[in-house]
Amino acid sequence: MLLILLFPAVAFTQNLNGQVFDRSDKNTVLPGASLVWAGTTSGTLSDSKGTFTLPFSTQTNKLVISFIGYKPDTITVKPKELFLRVYLEESGSLQEVEITAKQDRFDAKTPIKTEIITSRDLEKSACCNLAESFETNASVEVSTTDAVSGAKQIQMLGLDGAYTLLTTDNVPALQGLATPFRLNYLSGTYIDNIDIIKGTGSVLNGYESISGQVNVKLKDPEKADRVFVNLYGNDLGKWDANLNVGHSFSEKLSTVLMLHTAQLHNRVDRNDDGFMDQPLGTQYNVYNKWKYTSGRFVSEVGLNALRENRIGGQTSYKEGSGAASGNYGTESLTDRVSGYTKLSLTSKNKPYESLGLILSGSNHKFDSEYGFRNYDGEQQSALARFIFQSAIGTTAHTYKLGASFGHENLRENFEDTLMTRKEYIPGIFGEYTYNNAHNLTVVAGARTDFHNLYGTVFTPRLHVKYDLNPNNIFRISGGKGFRVANPIAENSGALVSSRRFIFQEKLQPEEAWNTGGSFTRYFTLGGKPGTFIADYYYTTFQNQVVADMYSVPEAVIFTNLEGRSFSNSFQAEVQYELAKGLDVKAAYKYFDVKSSYEGKLMDRPMNPKNRFFVNAGYATAFDKWRFDATVQWFGNRSLPTIADHAGNVETNRTADPFSVLNSQVTRSFKHWDIYVGGENLLNFKQKDPIMNADQPFSHGFDASMVWGPISGRVIYAGLRYKLK
C-alpha cells in the first residue's frame with residue numbers, strides 16, 4: 001500500500017486482466033495465446049498459466065484472441081470489465097510436431113536478476129554432481145577447500161558459499177553441518193536446470209540469502225524421460241552410474257525414481273608428495289519424486305536418502321588405522337535422509353488467487369577424523385511455510401502473505417568438546433508486486449522472525465525492474481540478510497592442518513546489507529542474436545564471524561567483526577551466436593573483498609581480484625556432433641600467513657595467475673549420446689599444495705592452502721541413454 005501511495009500515477013493505471021481456456025475442458029489453460037485490440041498493433045500473449053494483462057485501448061473495444069489449433073474469436077469488452085475469461089474452441093486435430101528452441105539464459109521477465117543454467121548447459125561437462133554443474137557458467141565458481149578431504153564450496157559475489165542460499169525446487173536444502181560436502185550430494189542427473197539469483201532474493205525463502213540464491217530444479221515427474229542412463233569414468237579411476245525411471249500412472253499421478261552411485265578406489269598421487277590427490281570414496285544416493293495434479297489442486301512429494309564414505313590422506317594410510325599408525329589420514333562417513341511436500345490450491349473463480357503449504361525436513365549425521373582430530377555431528381532440520389497469494393483490484397497489484405516455522409537441532413563434537421544449539425524460529429512475511437504490464441515491475445517484501453536465541457529479526461527487501469524498451473532492461477535491488485554461522489563446518493579445510501581452532505568470544509549471528517543492480521541488453525549483430533549483461537553488487541557486514549588466518553600462523557582465530565567487512569563485485573558478460581551453431585560467451589569479473597583482522601583491513605585470502613571466462617560451443621545440424629570448450633583465467637590472490645615446522649613465519653604471500661581449459665566432444669544418436677572430454681587440459685598443477693607434506697604431524701603441516709588444481713589433466717568418457 002505504501003508503494004501505491006508513492007506511485008499514484010502508476011498504481012491506478014487501468015488494465016484488462018483475464019485468462020484463456022480450452023472450451024472443451026474448462027480446466028485446461030492455453031499459454032501463449034495471442035490477444036490483440038482489433039485494427040491495432042497493441043496486444044500481448046498469455047503466460048504459462050493462461051493469464052494476461054493488457055492496457056485498455058482508446059481506439060476500440062474489440063479484442064481478437066487466437067491460438068494455434070483453435071478457432072480465433074473476437075470479443076466485445078465492456079467499459080468496466082476488468083477480468084475476462086476467454087474460451088476457445090479447437091479447430092481440428094493437428095499432427096504432432098516437435099519444436100526445439102534455445103532457452104534464454106537470462107530471464108527477461110523476472111524483476112530479480114536471474115540466470116539459467118539449462119539442461120543443455122549441464123551436458124557440456126561431465127556434470128557428475130552439483131559441484132561440476134557450474135563449469136560453463138561465469139557467475140558461480142567452485143573451489144576446493146583443501147588438498148586431502150575433497151570438500152568443495154561455491155562462491156558468488158566474491159563471498160564464500162555459506163552466504164549463498166541453496167534450495168532445491170525452492171525449498172532450502174543442504175545447510176548447516178552439511179556444508180563441507182553438500183555439492184557432492186546432488187547428482188547432475190537429478191537436475192533439470194539451475195536458477196542463479198544475485199543479491200538478496202525473495203523473503204518467501206527466508207532471511208539467509210546475502211550474496212544470492214542457487215535454486216536447483218530437479219526433474220519434473222510429469223516431464224521426466226521414461227528411462228535415462230548415464231555412465232561416466234575418468235583416468236583417475238573414478239566412475240559414476242546413474243539411472244532415472246519416470247512413469248505416469250494416469251494424467252493426474254506421475255513419479256520419477258533417480259538412482260546414483262559414485263566410486264573411487266584408486267590411490268592416485270601425481271605430484272609425488274605422498275598424499276592421494278583425490279580421496280577414495282563411495283556414495284549411494286536415491287531420490288524419488290511424486291506429483292499429483294487434479295484441476296485446481298497440485299501436490300508434490302520428494303524423498304532423498306544417501307550414504308557416503310570418504311578416505312583421504314597419505315597413500316600408505318589404511319582405513320580405520322587412525323593417526324596412531326603413524327600415517328596421516330582423513331575419514332568421513334555421512335548418512336542423510338530428507339524429504340518435502342508441497343500442496344497448492346487455486347481459487348475456482350480467481351486464477352490469480354491460491355493457497356500453498358510447504359513442509360520439509362532432514363536428518364544429517366556424520367563421523368569424521370582429520371589426523372588426531374575428531375569431528376562428528378548431527379543436525380535435524382524442519383521448516384513449514386504457509387503462503388496465500390491474491391490481487392488488489394487487478395492483477396497489476398498482487399501480494400503474498402504467509403507464515404513460517406523453522407526448527408534446527410544441532411550437535412557437534414569437536415576434539416572432545418560438545419557443542420549444541422536448538423533454534424525455534426516462527427516468522428511472518430509479506431510481499432507486494434506491482435506490474436504495469438508495460439515496462440515497470442516493483443517487488444517489495446519484508447519478514448519478521450522471532451528467534452528463540454537472538455530475538456526479533458527484521459528483513460526488508462526491494463527489487464525494481466524497468467524496461468527502457470524490450471531490448472534494454474535495468475534492475476536494482478537492496479535488502480538485508482541474517483544467518484547463524486557454523487564456523488567449523490564452514491571452515492572444514494583448516495581441519496586438514498596443524499592450526500589450532502581458537503574461539504576468543506561468543507559468536508553472534510551474521511548480518512549484512514546487499515545493494516546492487518544490473519543492465520541487460522539484447523541485440524542483433526549481423527543477423528545473429530546476442531546478449532550483454534553488466535552488474536555490480538556491494539555487500540557490507542554489520543557483523544561477521546571472521547576466521548583469522550593472518551594474525552597467528554599456527555591458528556585459526558574466530559571472532560566477531562571489529563571494523564569493516566565488505567565485498568565489491570563487478571561482472572560484464574557477452575553472449576553471441578558467432579555463426580550458425582556456434583555460440584560464444586565471455587565474461588570479466590572484478591572482486592574487491594576485504595575484512596578487518598585485529599583492526600587491520602586486509603584482503604580476504606584465497607580470493608583473486610581479476611578473472612576472465614570464455615566458453616564456446618558448436619553443434620552441427622540436428623545436434624549430431626557437439627563441441628564445447630571453456631577457458632578460465634585467475635589473477636593474483638593473497639594467501640594466509642604460514643609457518644614451517646622450524647617456526648619460520650612467511651607473510652605477504654600471493655599466488656601466481658593461472659589458466660584452466662576444459663573441453664568435451666559429444667556424438668548423438670537417436671537415443672544415445674557418447675561423450676569424451678578433458679578437465680584442466682593445460683595440465684596446470686599447484687606446486688606443493690600441502691605444506692610440510694613429509695611431516696604431517698608437525699606444527700608446519702597445512703593442506704588448506706589450496707588455490708589451484710592438484711591432479712593435473714583429467715580425461716573422461718561416458719554415455720547417456722534416453723527413452724522419452
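Guide: One term before we start: a contact means heavy atoms within 4.5 Å. Also, keep in mind that this model is predicted.

Visitor: Okay. So which residues is L280 in contact with, leaving aside its neighbours within four places in sequence?

Guide: With those neighbours left out, L280 touches L264, H265, N266 and R267, and also N309, R310 and I311.

Visitor: Where is the place of L280?

Guide: L280 sits in strand β19, which covers residues 280-294. G312 is 32 residues away from L280 along the chain, yet their C-alpha atoms are separated by 6.2 Å.

Visitor: Does L280 count as buried or exposed, and why?

Guide: Buried, because its relative accessibility is 11% and the cut-off for buried is under 20%.

Visitor: Let's zoom out. How many helices and strands does the protein have?

Guide: Four helices and 45 strands.

Visitor: And what box do the C-alpha atoms fill?

Guide: Taken along the principal axes, the box is roughly 90 × 60 × 50 Å.

Visitor: What radius of gyration does the protein have, and what would a compact globule have?

Guide: The protein comes out at 27 Å. A compact globule with 724 residues would have a value near 27 Å, so the two agree.

Visitor: How many of the residues are buried, as a percentage?

Guide: 53% of the 724 residues are buried. As for the outside, the accessible surface is about 31500 Å², and carbon and sulfur atoms own 57% of that.

Visitor: What about charges: how many positive and negative side chains are there?

Guide: There are 74 positive and 75 negative ones, with the centres of the two sets 7 Å apart.

Visitor: Back inside. Which residues touch the most other members of the largest nonpolar core?

Guide: That core has 65 residues, and the ones touching the most other members are L130, F134, I194, V214, V216, Y375 and I690.

Visitor: Pick V216. Which residues is V216 in contact with, again leaving aside neighbours within four places in sequence?

Guide: On that basis, V216 meets L130, L166, T167, T168, D169, L186, I191 and N193. Apart from this core lies another one, made of 16 residues, including A33, L35, L54 and I75.

Visitor: New topic. Which strand does V464 lie in?

Guide: V464 is part of strand β27, residues 455-469. It is buried, because its relative accessible area is 19%, and buried means under 20%.

Visitor: Which residues does V464 contact, leaving aside those within four places in sequence?

Guide: P111, L440, T441, V442, F474, R475 and I476. K113 is 351 residues from V464 in sequence, and the two are 10.0 Å apart in space, C-alpha to C-alpha.

Visitor: F474 came up there. Where does F474 lie?

Guide: F474 is in strand β28, residues 472-483. With sequence neighbours within four places set aside, F474 is in contact with V464, K465, Y466, L468, S518 and F519.

Visitor: And why is F474 called partly exposed?

Guide: Because its relative accessible area is 37%, and partly exposed covers what is between under 20% and over 50%.

Visitor: What about the loops? Where is T200 found?

Guide: T200 is in the loop between β14 and β15, the latter being 212-218. At 1% relative accessibility, T200 counts as buried. Its contacts beyond four places in sequence include S209, I210, R461 and H463.

Visitor: Which loop does D416 lie in?

Guide: The one between β24 (394-414) and β25 (417-435). D416 counts as exposed, at 69% relative accessibility. It also has a positive phi of about 70 degrees, although it is not a glycine.

Visitor: Why point that out?

Guide: Because most residues other than glycine have a negative phi. L174 is another one with a positive value, near 55 degrees. That residue is in the loop between β13 (171-172) and β14 (191-198), and at 6% relative accessibility it counts as buried.

Visitor: Last one: how far apart in space are N349 and S321?

Guide: They are 68 Å apart, C-alpha to C-alpha, with their positions 28 residues apart in sequence. N349 lies in the loop between β21 (329-346) and β22 (354-370), and its 59% relative accessibility makes it exposed.

Notes
Residues are numbered from 1 along each chain as its sequence is written. This is a predicted model: local features need pLDDT of at least 70, side-chain atom pairs count only at pLDDT 80 or more; totals for chains, interfaces and linings use all residues. Side-chain values use heavy atoms; hydrogens and water are left out. A nonpolar core is a set of buried Ala, Val, Leu, Ile, Met, Phe, Trp, Tyr and Cys residues joined through side-chain atoms within 4.5 Å. Buried means under 20% relative accessible area, exposed over 50%, partly exposed in between (1.4 Å probe, protein chains only). Helices (H or I, at least four residues) and strands (E, at least two) are DSSP runs, numbered from the N terminus. The radius of gyration is taken over C-alpha atoms; the globule rule is 2.2 Å times the number of residues to the power 0.38. Accessible areas come from the Shrake-Rupley method with a 1.4 Å probe; for residues, only the protein chains shown count as cover. Lys and Arg count as positive and Asp and Glu as negative; His and the chain ends are not counted. The place of a charge is taken as NZ of Lys, CZ of Arg, CG of Asp or CD of Glu.
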